[in-house]
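The report that follows walks through a few local features of one protein chain, beginning with a pocket and moving on to helices, a buried loop residue and some backbone details. Please keep the sequence and the structure at hand while reading.

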Amino acid sequence: MKSFDPDLFRRQFPALQSSYARPEHLVFPDDTVFLDSAATALKPVCMIEATQHYYSNHSATVHRSQHAAAQAMTARYEQARALVAELIHAPQPENIVWTKGTSEAINLVAQGYFRSHLAAGDEIIVSEQEHHSNLMPWLILAEQTGAKIVKWPIGKQVSSEKPSLDKPSLDKQYQPEIDTLAELLNEKSRLVAVSQMSNITGAAVDLTQVTALAHQYDCLVLVDGAQGIVHSPVDVQQSDIDFYAFSAHKLYGPNGLGVLYGKEALLNAMPPWQGGGKMLTQVSFDVFIPEQVPYRFEAGTPNVAGVIGFAATLEWLKTVDMTRAELYAVALTDYAEKQLSTIAGFISYRAAGASLLSFNIAGVHHNDLATLVAEQNISLRSGQHCAQPLLDALGISGCLRASFMPYNTLQDADKLVSAVKFALSLLDE
């Protein structure tokens with residue numbers, strides 16, 4: 001039975017427990033507040049122990065050797081693929097390709113599928129809220145093929161003035177509008193690339209509406225789920241998504257592991273992108289025959305420990321009521337935003353209902369404020385967040401971002417507010 005208790009959930013994360021044995025130089029100070037989960041989530045004990053157990057007891061690779069340990073590890077490796085398929089409601093495990101992360105997954109689609117399916121003048125629609133991982137591969141592909149990148153802008157500004165730090169946009173949703181997408185789509189449209197959730201505003205678009213519109217023009221849809229999958233369930237079949245990518249480390253999993261989902265026909269239409277061990281069935285100096293999907297895309301020795309650790313994470317998440325957990329994180333963010341809003345010059349870029357809070361204080365450089373906040377053991381992020389076009393649209397050079405997760409507490413929010421106020425008092429001296 002699924003459940004969620006904030007205290008029990010928090011106890012699953014050794015980084016937050018001062019009693020957990022680990023090297024001194026890796027221990028957070030006791031009063032550290034971790035609000036940088038949008039960059040990478042903390043890791044639960046189940047994932048840590050599964051990875052440690054693999055390195056301590058097995059270290060066998062997969063799909064190669066015939067000894068018992070290797071065979072057992074191959075079975076667990078493929079079971080993890082099935083767990084991911086279950087997580088996103090993919091039709092079958094073979095729809096799941098292991099990658100190094102979201103960036104590699106999107107580049108695999110760009111080069112493995114679209115490079116041979118695009119011609120000069122074809123259009124790739126990319127939303128203005130994208131992380132660079134879902135923009136740069138398409139810019140590179142456009143240079144290679146002569147295709148055109150079409151910007152799908154965030155919501156129309158209520159004010160006719162250009163937004164700035166002192167006069168931010170009044171459109172609190174800060175997201176691409178479906179009506180605008182309908183205007184952009186045409187017979188030349190080949191792809192819509194959009195994030196499930198912005199890593200700055202937390203804005204989320206209706207993916208089912210996006211795919212329904214795009215498919216009217218035989219246009220495919222790729223979704224960057226790196227931020228969104230942590231906060232909102234996804235059903236790739238119900239939403240009719242063509243390609244979906246995410247990284248394990250943002251979903252309480254290990255670094256260096258990502259997932260690409262693709263519809264069966266699309267994956268089968270893709271040739272191998274990288275060559276190496278186990279992505280083929282036969283090879284000579286004259287010809288090679290690639291493996292079946294998904295193995296043709298998984299050249300070389302894979303990240304077995306990462307996959308095993310992620311499987312443990314996914315099994316644990318099955319016991320957690322993620323809907324209640326997310327509501328709890330959103331409530332913490334609501335509280336923090338309300339408290340910070342009492343500060344003169346506070347500007348929030350948060351979309352309604354998001355569990356991350358990006359903000360500035362008018363007249364204060366974000367890096368100056370972030371440095372002073374960090375000195376008080378508050379871990380958050382400042383800067384451009386690998387989303388420069390969105391910052392340009394917001395009229396700012398950067399901002400601070402506090403991202404809340406279910407392992408955070410009301411005390412964490414209070415400490416953030418106190419740290420910001422103290423930092424501002426120093427800057428006013």
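In this predicted model, the largest pocket holds about 620 Å³ of space. Its lining is made up of 24 residues, and those closest to the centre of the pocket are Lys2, Leu87, Pro233, Leu317 and Met322. Two or more lining residues are given by each of helix H3 (68–88), helix H8 (228–231), helix H10 (304–317) and helix H11 (322–340), and H11 supplies the largest share, with six residues. By residue class, the lining of this pocket divides into 15 nonpolar, four polar and five charged residues.

**Helix H11**

Besides its part in the pocket lining, H11 can be described by its length and by how its residues are covered. The 19 residues of H11 should span 27 Å at 1.5 Å a residue, and this agrees with its end C-alpha atoms, which are 27 Å apart. Buried in H11 are Ala325, Glu326, Ala329, Val330, Leu332, Thr333, Ala336, Glu337 and Leu340. Because these buried residues fall within an arc of 155° when H11 is seen down its axis, they line one face of the helix. Thr323, Leu327 and Lys338, on the other side of H11, are exposed. The cover over the buried residues of H11 includes H8, strand E11 (346–348), strand E12 (356–361) and helix H14 (410–427).

**Helix H14**

H14, which is part of that cover, can be treated in the same way. With 18 residues at 1.5 Å each, H14 should span 26 Å, and its end C-alpha atoms are indeed 26 Å apart. The buried residues of H14 are Asp412, Ala413, Leu416, Val417, Ala419, Val420, Ala423 and Leu424. Seen down the axis of H14, the buried residues keep within an arc of 160°, and therefore they line one face of the helix.

**A buried loop residue, Phe404**

Phe404 is found in the loop between strand E15 (399–403) and H14, and it counts as buried because its relative accessibility is 0%, where buried means under 20%. When neighbours within four places in sequence are left aside, the contacts of Phe404 are Leu35, His231, Ala329, Leu332, Thr333, Ala336, Ser355, Ala413 and Leu416. Among these contacts, Ala329, Leu332, Thr333 and Ala336 also belong to the buried residues of H11, while Ala413 and Leu416 belong to the buried residues of H14. Phe404 and Ala352 are 52 residues apart in sequence, and their C-alpha atoms are 14 Å apart in space.

**Backbone details in loops**

The peptide bond that runs from Val293 to Pro294 is cis, with omega near 5°, and Pro294 lies in the loop between strand E10 (288–290) and H10. Two further loop residues have a positive phi although they are not glycines, namely Asp240 and Lys278, and the table sets out their values.

| Residue | Phi | Loop | Relative accessibility |
|---|---|---|---|
| Asp240 | about 60° | between H8 and strand E7 (243–247) | 33%, partly exposed |
| Lys278 | about 65° | between helix H9 (264–268) and strand E9 (280–283) | 41%, partly exposed |

Asp240 counts as partly exposed because its relative accessibility is 33%, and Lys278 counts as partly exposed at 41%; the class covers values between the 20% and 50% limits.

Conventions. Residues are numbered from 1 along each chain as its sequence is written. This is a predicted model: local features need pLDDT of at least 70, side-chain atom pairs count only at pLDDT 80 or more; totals for chains, interfaces and linings use all residues. Side-chain values use heavy atoms; hydrogens and water are left out. On a 1 Å grid over the protein atoms alone, a cavity is a set of points where a 1.4 Å probe fits but cannot get out, and a pocket is an open set with protein on both sides within 12 Å along at least five of seven lines; lining residues have an atom within 4 Å of a point. Grid points are joined across faces, edges and corners, and a volume is the space filled by probe spheres set on the points. Helices (H or I, at least four residues) and strands (E, at least two) are DSSP runs, numbered from the N terminus. Ala, Val, Leu, Ile, Met, Phe, Trp, Tyr, Cys and Pro count as nonpolar, Asp, Glu, Lys and Arg as charged, and the others, Gly among them, as polar. The expected span of a helix is 1.5 Å times one less than its number of residues. Buried means under 20% relative accessible area, exposed over 50%, partly exposed in between (1.4 Å probe, protein chains only). The arc is that of the directions from the helix axis to the C-beta atoms. Contact means heavy atoms within 4.5 Å.
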